[in-house]
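Q: Could you walk me through this one? I'd like to start with pockets.

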Amino acid sequence: MQVTSYAKVNLTLDVGAKRATDGYHPVRTVMVPITLADEVSLESADFIQVYCEPDVAGDPERNLAYRAAELLRGETGYTGGALIRIRKRIPVAGGLAGGSTNGAATLVGLNQLWGLGLPEERLTALAIRLGSDVPFFVPSRPALVTGIGEVVQPITAPEPLWLVLATPAVAKSTGGVYALFDELTEVERPDTEALLAALATGDVKGVANSLGNVFEQVMLPRHPEIGALKAAMLEAGALGALMSGAGPSVFGVAKDQAAAERIQAAITALAPFATVVQTLASP
């Protein structure tokens with residue numbers, strides 16, 4: 001079985017104060033899947049094993065796809081296993097949720113391959129145990145995501161957007177970004193309602209004007225490469241540009257494919273990974 005494992009970008013990302021009860025941060029974010037994707041191949045086996053191409057450093061048993069298979073087997077009592085092969089195209093640790101989407105694709109695919117028949121709501125409940133971005137990818141459609149990532153509300157986004165996506169050579173820890181965010185005394189927050197209204201009507205300029213990510217206030221002062229990439233996209237004709245998630249990937253909104261390709265050509269020297277993608281429209 002082959003499952004397409006889409007990346008995402010955050011068109012808006014707002015984060016609340018850390019909760020005293022469990023240490024998690026509440027979020028409010030508009031997330032959309034994009035055409036950049038990994039391919040996850042699943043095959044029944046007597047054990048669980050994960051292969052990545054190219055290889056992703058680290059313990060294979062900490063891979064989210066492995067953990068998803070283990071979780072699904074443990075929750076359902078299924079006694080078999082799976083060979084999981086992941087062809088990686090999404091940059092690792094880029095703010096595009098490459099690991100999270102692989103985990104969700106594994107949950108969804110093994111639910112079918114193993115004939116478990118779990119409904120989407122059950123898979124989503126399992127997904128949050130793997131990570132805050134994972135529930136979004138169970139349906140993998142444009143959504144307003146709240147709570148700590150477990151509340152995924154589908155939104156209206158009838159028209160795909162053309163984006164230029166680039167990942168500069170900046171190392172970061174998502175946990176470290178949250179810790180730095182907690183030190184801010186003032187936070188400029190995005191206008192999520194304006195963004196949702198623009199998406200619903202296919203207003204590309206309105207979407208571009210409403211982009212916002214609170215983590216830029218942490219990352220841009222410390223990593224000028226990100227700001228330089230945003231500025232270069234805007235200078236090359238992007239209608240708006242934003243860092244996705246905790247970074248460092250940046251995307252620029254283009255009016256059409258031709259404009260996106262021109263912007264890509266202009267910024268290639270600033271990032272080792274740059275490509276043109278589209279967002280996936282709501283069903």
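A: Sure, terms first. On a 1 Å grid over the protein atoms alone, a pocket is an open set of points with protein on both sides within 12 Å along at least five of seven lines, while a cavity is a set where a 1.4 Å probe fits but cannot get out; lining residues have an atom within 4 Å of a point. Points are joined across faces, edges and corners, and a volume is the space filled by probe spheres set on them. This is a predicted model: local features need pLDDT of at least 70 and side-chain atom pairs count only at pLDDT 80 or more, while totals for chains, interfaces and linings use all residues. Residues are numbered from 1 along each chain as its sequence is written, and side-chain values use heavy atoms, leaving out hydrogens and water.

Q: OK, what volume does the largest pocket have?
A: About 1300 Å³. It has 50 lining residues, and the closest to its centre are Leu-64, Ala-97, Gly-99, Ser-100 and Thr-174.

Q: Which element gives the most to that lining?
A: Helix α2 does, with four residues. The elements giving two or more residues are β1 (2–15), β2 (27–45), β3 (48–53), α1 (64–76), α2 (98–113) and α4 (174–182). Helices (H or I, at least four residues) and strands (E, at least two) are DSSP runs, numbered from the N terminus.

Q: And how does the pocket lining split by class?
A: There are 24 nonpolar, 18 polar and eight charged residues. Here Ala, Val, Leu, Ile, Met, Phe, Trp, Tyr, Cys and Pro count as nonpolar, Asp, Glu, Lys and Arg as charged, and the others, Gly among them, as polar.

Q: How many cavities of 30 Å³ or more are there?
A: One, from a search of the whole structure. Its volume is about 40 Å³, and residues lining it include Glu-159, Leu-161, Asp-203 and Val-207. Both α5 (192–201) and α6 (204–210) give two or more residues to that lining, which divides into five nonpolar, one polar and two charged.

Q: Back to the helices. At what angle do α1 and α2 cross?
A: Roughly 35°, with the axes coming within 8 Å. Axes are lines fitted to C-alpha atoms, for helices over the stretch in contact, and angles run from 0 to 180 degrees between N-to-C directions.

Q: Is that crossing left-handed or right-handed?
A: Right-handed, meaning the near helix is turned clockwise from the far one by less than a right angle (anticlockwise would be left-handed).

Q: Which residues of α1 meet α2?
A: Leu-64, Ala-65, Ala-68, Ala-69 and Leu-72 do, and the α2 residues they meet include Gly-99, Ser-100 and Leu-107. Contact means heavy atoms within 4.5 Å. By class, this contact has seven nonpolar, six polar and no charged residues.

Q: Now sheets. What's the strand order in the open sheet of four?
A: β9-β10-β7-β11, with antiparallel pairing. Two strands pair if DSSP finds at least two bridges between them. The edge strands are β9 (240–243) and β11 (273–278). β9 pairs with β10 (residues 250–254) over four bridges, and Gly-240 stands opposite Val-253.

Q: Which helix lies across β7, β10 and β11?
A: That's α9 (residues 257–267), running at about 15° to β7 (162–167).

Q: Last one: where's the positive phi in the hairpin of β5 and β6?
A: At Gly-147 in the turn, about 70°, with four residues between the strands. Val-145 in β5 stands opposite Val-152 in β6, and β5 (residues 143–146) is also joined to β2 by three bridges, running antiparallel.
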